[in-house]
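Trainee: Please take me through this one step by step. I would like to reason from the coordinates.

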Amino acid sequence: MTKWVYGFGGGTADGRADMKNLLGGKGANLAEMSSIGLPVPPGFTVTTEVCTHYYANERQYPADLKDQVEAALAKVEAEVGATFGDAQNPLLVSVRSGARASMPGMMDTVLNLGLNDTTVAGLIARSGDRRFAYDSYRRFIQMYSDVVLGVDHYHFEELLDLAKEEKGVDLDTELDADDLAALTRLYKDKVQQESGQPFPENPRDQLWGAVGAVFGSWMNQRANVYRRLNGIPESWGTAVNIQAMVFGNMGSDCATGVAFTRDPSTGENIFYGEFLVNAQGEDVVAGIRTPQQLTVVAKRAQGSDLPAMEEVMPEVFGQLCEVRDTLERHYRDMQDIEFTVQQKKLYMLQTRAGKRTVHAALRIAVEMVADGLITESEAVSRIEPRGLDQLLHPTLDPKAERNVIAKGLPASPGAASGKVVFSSDAAEAEARKGERVILVRVETSPEDIHGMHAAEGILTTRGGMTSHAAVVARGMGRPCVSGAGQIRVDYANGTFFVGDVTVKLGDRITIDGGTGEVMLGEVPTVQPELSGNFATIMEWADGLRRMRVRANAETPTDARAAREFGAEGIGLCRTEHMFFEGDRIVAMREMILASSEKGRRAALAKLLPYQRQDFAELFQIMAGLPVTIRLLDPPLHEFLPHTDAEMKQVAEAIDVSVETVRRRSLELKESNPMLGHRGCRLAITFPEICEMQSRAIFEAAAEVAKSEGTAPVPEVMIPLAATAKEISILKTIIDRVAGEVQAESGIAIEYMVGTMIELPRAALQAGKIAEVAEFFSFGTNDLTQTTYGLSRDDAGSFLKDYEDKGIVDVDPFVSLDQEGVGELVRIAVERGRAGRPGLKLGICGEHGGDPASIGFCESVGLDYVSCSPFRVPIARLSAAQATIAAQAA
């Protein structure tokens, strides 16, 4: 019989922390906390396999699930000493989702389940507190109706606001038991009105309705978006955790809170979190009430007048500190925990690896190595490579003027400027147009996930450092300022105002997530310095990785940036980018328009000094590191003008008729230029182009060898070759020019001639090609286009539909298609090295900076990856992680 249900509580558990795939992260960690003796309310987990069965069988449960749930419920009843659905002593439960990967706020939760008009009387009798009982009941009706019955929560919030208005109070806690009892009746009437059905009274009907809603929430819109953004497969499913309720809303000796064992923004080793007295867990993250700090130090830092937990509940706070230490030692990582205090007794409701900024991740990893908790290899493995993007973006220039209009909490570091928008849909729409936007909300909810992803930064007027906006923004690497309470938002009129300052939809503002400041207009930025913990992690990564990391660069600026970021050479210098400036484009066009080889050579002679100087600068900057130079690749028509005015300008510059320019432009026009007269085909037709570029490369190498004392080793790369014969013809020209330059300069130049593998035929014929090519560099941008038969420039209009329908998991131009394109790479590697043992192999498409693609490159044995300069640190870290994973396999 399949075991569908796993129990926990009372110091024992059926599961363990390493069973996340089956129990989900929450269920596995509840079991683990229970096993190590922490105070966990008893409960049980319905496994992710039930979710898989549910969707595979038209939303039907396994036949024996109900009996297993009843048996587990009976154990919880025995542990707690209360009975589910009992009128005198009712057991109440929470029903929460729990996928194997943390998805905060993306799926649904129901608290206080089991209450009805009968059991509420039992709760009053048991607790001796009528107000608490009705507060729990009205919360349950609202959550259950929203999650299970589809009655939007705003209906209940309106009724709650009206009740407070009629009584003349501001806070929920100022409503008494009679007010809340009346509110529950109004809530139930609203359910009947909106759904056409009475609110369910039977606790078991409530339970199965909630279980179904949690499984259903796995496929809701916000969960789908979150999974797509974070690469979480739909097939994983979610578990459901059913747990005895403990109450933080029973009175002044009760509380609920969220905490991190270290500061998730900075990584500082301090206890960091918030709590609320006389509240339930959702109140802390919802931003409805201003949360209180755990520690006196944090209270002072926030300038809060509200007492810290350390002051109002010192004994329980001490117990919580012990739990913090226990969890960090046990899991050897920073933890995100949820807790409730019921009548001065502490209960742990969750622990998980805490989401953190990359700044925090680096600091925590380095300090945990210093403390002997983890190894250098583990530290490197814990850093999310894509998160390093957060370090590589600009911050505000400290010297720039700032017109600060408000200040909130520094919820997620980094700075951002953009147009103000007030809805997530607007943020997404503007971002599609290329606009940078700041999403301004009173508070965010999980429904805002798409807008938060589209925005450059997020500003909220409510919520604390653990609010939804703060947690999600930190995970995304978006700057965020939360709880800017001086700001008043007017959604209806598309404005917000602070004092006498009004900011309208479309106005530009700047936020600083490191200070919490909100500023009018755009503030200049500066590039970050990559040192300290970042440098330490990178040093460890460099010591662990097998593959080298190069950069795609053709300008001195890019080459210097690449060196600063740790590049070990240039893996792709696109020479065509050098021809578009000033006098160069004139000479290039003169060459294209020439009607004879003599005319072309005369124009190329004008380009030679420019190319030689460009290559010399790159060789000097790279100081002996390898530099791979790709010969001219794009079709010639790309260099010609297209408008009449431009054609006239070109004709005058090179002293030909406008008709000559127009005629040549028409002659060069192709139906499918991507597959046309480009790459090595140009050099086959016009070998003088290959001669000029080769001479520029070798003369630059000789010049640098004289001036620097060390000769560079250029790697000359022939693009878009499909046959060994093409390479052989061009290699003969390159070798001849190299010999001429060496004879003229008296300097021996070491060099290599290789090719880009960017056509399926080249991959299949790699054995023969390797007989003449001394290295391969996989141009996976074009290899993906030619394998799929897709134009990268046009595929964006429909690839999202392919992702949504599961035809592709991810855009193949973003992350390498390992099954199709990857198979061609494998074939080329095997056949290429069979034809030339020790053949140097690399990748120079944008996939060279994608962590998943880098893992694939390690698995097939490439020697290096090459990517854009700002992705070099990501590639260095990913390469190290790939080596670690390969060694562990």
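**Burial, packing and pairing**

Trainee: How many of the ten residues of helix α34 (residues 851-860) are buried?

Mentor: This is a predicted model, where local features need pLDDT of at least 70, side-chain atom pairs count only at pLDDT 80 or more, and totals for chains, interfaces and linings use all residues. Numbering starts from 1 along each chain as its sequence is written, and side-chain values use heavy atoms, with hydrogens and water left out. Buried means under 20% relative accessible area, exposed over 50% and partly exposed in between, with a 1.4 Å probe and protein chains only. Helix α34 is mostly covered, and the number of its buried residues is seven.

Trainee: Which residues of α34 are they, and which elements are included in what covers them?

Mentor: The buried residues are P851, S853, I854, F856, C857, E858 and V860. Helices here are DSSP runs of H or I with at least four residues, strands are runs of E with at least two, and both are numbered from the N terminus. The cover over the buried residues of α34 includes α33 (821-835), β33 (840-843), β34 (864-867) and α35 (872-888).

Trainee: Which residue follows α34, and what is its phi?

Mentor: Look just past the end of the helix, at G861. Its phi is positive, near 85°.

Trainee: Now strand β8 (residues 238-244): how many of its seven residues are buried?

Mentor: Take the two faces in turn. T238, V240, I242 and A244 are buried on one side of β8, while A239, N241 and Q243 are buried on the other. The count of buried residues in β8 is therefore given directly by its coverage: seven of seven.

Trainee: Which residues stand opposite N241 in β8?

Mentor: Strands pair if DSSP finds at least two bridges between them. Strand β3 (residues 43-46) runs antiparallel to β8 and is joined to it by four bridges, and strand β6 (residues 93-99), also antiparallel to β8, is joined by seven. On the β3 side the residue opposite N241 is T45, and on the β6 side it is R96.

Trainee: In the open sheet of three strands, which strands stand at the edges, and why is one side of each left without a neighbour?

Mentor: The sheet has the order β21-β22-β23 with antiparallel pairing. One side of each edge strand is left without a neighbour in the sheet because each has a single partner strand, and these edge strands are β21 (488-490) and β23 (501-504).

Trainee: Which residue of β22 stands opposite R488?

Mentor: β21 and strand β22 (residues 495-498) pair in the antiparallel sense over three bridges. Within β22, the residue opposite R488 is F497.

Trainee: At what angle do the axes of helix α5 (residues 130-149) and helix α8 (residues 203-217) cross?

Mentor: F140, Y144, V147 and V148 of α5 make the contact with D205, Q206, G209, A210 and A213 of α8, contact being heavy atoms within 4.5 Å. Axes are lines fitted to C-alpha atoms, for helices over the stretch in contact, with angles from 0 to 180 degrees between N-to-C directions. The two axes come within 9 Å, and they cross at roughly 50°.

Trainee: Is T184 buried or exposed?

Mentor: T184 lies in helix α7 (residues 177-195). Leaving out residues up to four places away in sequence, T184 touches Y134, Y137, R138 and I141. I141 is 43 residues away in sequence, with 7.4 Å between the two C-alpha atoms. With 2% relative accessibility, T184 counts as buried.
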